[in-house]
Amino acid sequence: MTAASAPFVSSAIEVEKGWIDYNGHLNMAYYNVIFDRGGDEAAEELGLGPTYARERRFTTYTAEVHVCYVRELHLGDKVTVSFQLLDHDEKRLHAYQEMRHADGWLAATSETLALHVDMAGPKVAPFPPDVVAKIEAMRAAQAALPRPERAGRAIGIRRR
């Protein structure tokens with residue numbers, strides 16, 4: 001992380017040609033691909049990346065995700081994805097991500113609940129102590145961040 005009080009921010013990700021739909025903008029499914037790529041960088045920071053899965057045979061599975069599409073993205077747009085760890089316990093991570101265009105505007109948000117999984121089962125399993133230490137360090141570094149206004153949103157039609 002670049003600053004103790006800031007969320008993790010991914011490297012730049014460019015919108016690819018195959019991700020554009022017949023409306024001429026980024027297809028909704030590829031917002032998830034971009035969030036996943038940004039999340040993978042944060043997972044590396046936590047010691048939960050591909051090497052962890054390959055060598056230790058543990059990984060994370062997404063149990064739930066809520067994406068809000070705020071503004072359209074188009075071919076060639078560059079974005080970054082932030083990762084704020086909202087909560088965790090011995091087997092789960094609750095995270096909030098924002099996708100921001102290179103110009104700074106908000107394109108989308110994603111809130112995720114991930115499970116730590118023993119790939120031998122597969123079954124949900126506790127994080128090992130070394131990973132818990134990294135998770136707790138990230139949470140402590142982000143403790144001063146306010147809870148994102150868009151976190152915890154529910155889907156529904158608002159009635160007056």
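Student: Before we start, what do buried, exposed and partly exposed mean here?
Tutor: Buried means under 20% relative accessible area, exposed means over 50%, and partly exposed is in between. Take Tyr69 in this predicted model: at 39% relative accessibility, Tyr69 counts as partly exposed.

Student: And how much of the chain counts as buried?
Tutor: Of its 160 residues, 39% count as buried.

Student: OK, the overall fold. How many helices and strands does the chain have?
Tutor: There are 3 helices and 7 strands. Along the sequence, the pattern reads β-β-α-α-β-β-β-β-β-α.

Student: What radius of gyration does the chain have, and what would a compact globule have?
Tutor: The chain has 16 Å, and a compact globule with 160 residues would have a radius near 15 Å, so the two agree. The C-alpha atoms fill a box of roughly 45 × 35 × 35 Å along the principal axes.

Student: What share of the contacts comes from residues 24 or more positions apart?
Tutor: Among contacts with a separation of 6 or more, such residues account for 70%.

Student: Let's look at strand 5. How many of its residues are buried?
Tutor: Strand 5 covers residues 92–101, and 7 of its 10 residues are buried.

Student: In which sense does strand 5 pair with strand 4, and over how many bridges?
Tutor: Strand 4, residues 78–88, pairs with strand 5 in the antiparallel sense over 9 bridges. A hairpin of 3 residues joins strand 4 to strand 5.

Student: And with strand 6, in which sense does strand 5 pair?
Tutor: Strand 5 and strand 6, residues 106–118, pair in the antiparallel sense, over 9 bridges. Those two strands form a hairpin with 4 residues between them. Gly104 sits in that turn and has a positive phi of about 105 degrees.

Student: I want one residue to look at. Which residue in strand 5 does Thr80 stand opposite?
Tutor: Thr80 stands opposite Arg100. Arg100 also has a bridge partner in strand 6, namely Leu106.

Student: New topic. Which residues have the most contacts inside the largest nonpolar core?
Tutor: They are Leu26, Ile34, Leu73 and Met99, in a core of 15 residues. Helix 1 (28–45), strand 4 and strand 6 are the elements that give two or more residues to this core. Helix 1 provides the largest share, 3 residues.

Student: What does Leu73 touch?
Tutor: Leaving out residues up to four places away in sequence, the residues that Leu73 touches include Val15, Leu26, Tyr31, Met99 and Trp105. Apart from the largest core lies another core, of 14 residues, with Phe127, Val131, Ile135 and Met138 among them.

Student: Now the rings. How many aromatic pairs are there?
Tutor: The count comes to 3. In one of the pairs, the rings of Trp19 and Tyr30 have their centres 5.5 Å apart and their planes at 15 degrees.

Student: Why is that pair of Trp19 and Tyr30 called stacked?
Tutor: Planes under 30 degrees apart count as stacked, and the planes of Trp19 and Tyr30 are at 15 degrees, so the pair is stacked. Trp19 is in the loop between strand 2 (13–14) and helix 1, while Tyr30 is in helix 1, 11 residues apart.

Student: Are Trp19 and Tyr30 buried or exposed?
Tutor: Trp19 counts as buried, at 6% relative accessibility. Tyr30 counts as partly exposed, at 27%.

Student: Back to Tyr69. How are the rings of Tyr31 and Tyr69 arranged?
Tutor: Their centres are 5.0 Å apart and their planes at 80 degrees, so the pair is edge-to-face. Tyr31 lies in helix 1 and Tyr69 in strand 3 (residues 58–69), so the pair ties together parts 38 residues apart in sequence. Tyr31 is buried, with a relative accessible area of 4%.

Student: What lies over the face of Trp105?
Tutor: Arg71 does, at 3.9 Å from the ring centre.

Student: Last topic, the backbone. Where is the cis peptide bond?
Tutor: The cis bond joins Gly121 and Pro122, with omega about -15 degrees. Pro122 lies in the loop between strand 6 and strand 7 (123–124).

Student: What phi does Arg57 have?
Tutor: Arg57 has a positive phi of about 65 degrees, although it is not a glycine. Most residues other than glycine have a negative phi. Arg57 is found in the loop between helix 2 (50–56) and strand 3, and counts as partly exposed at 43% relative accessibility.

How values were computed. Residues are numbered from 1 along each chain as its sequence is written. This is a predicted model: local features need pLDDT of at least 70, side-chain atom pairs count only at pLDDT 80 or more; totals for chains, interfaces and linings use all residues. Side-chain values use heavy atoms; hydrogens and water are left out. Buried means under 20% relative accessible area, exposed over 50%, partly exposed in between (1.4 Å probe, protein chains only). Two strands pair if DSSP finds at least two bridges between them. A nonpolar core is a set of buried Ala, Val, Leu, Ile, Met, Phe, Trp, Tyr and Cys residues joined through side-chain atoms within 4.5 Å. Contact means heavy atoms within 4.5 Å. Rings of Phe, Tyr and Trp (its six-membered ring) pair if their centres lie within 6.5 Å; planes under 30 degrees apart count as stacked, over 60 as edge-to-face and the rest as tilted. A charge sits over a ring if NZ of Lys or CZ of Arg is within 6 Å of the ring centre and within 35 degrees of the ring normal. The radius of gyration is taken over C-alpha atoms; the globule rule is 2.2 Å times the number of residues to the power 0.38.
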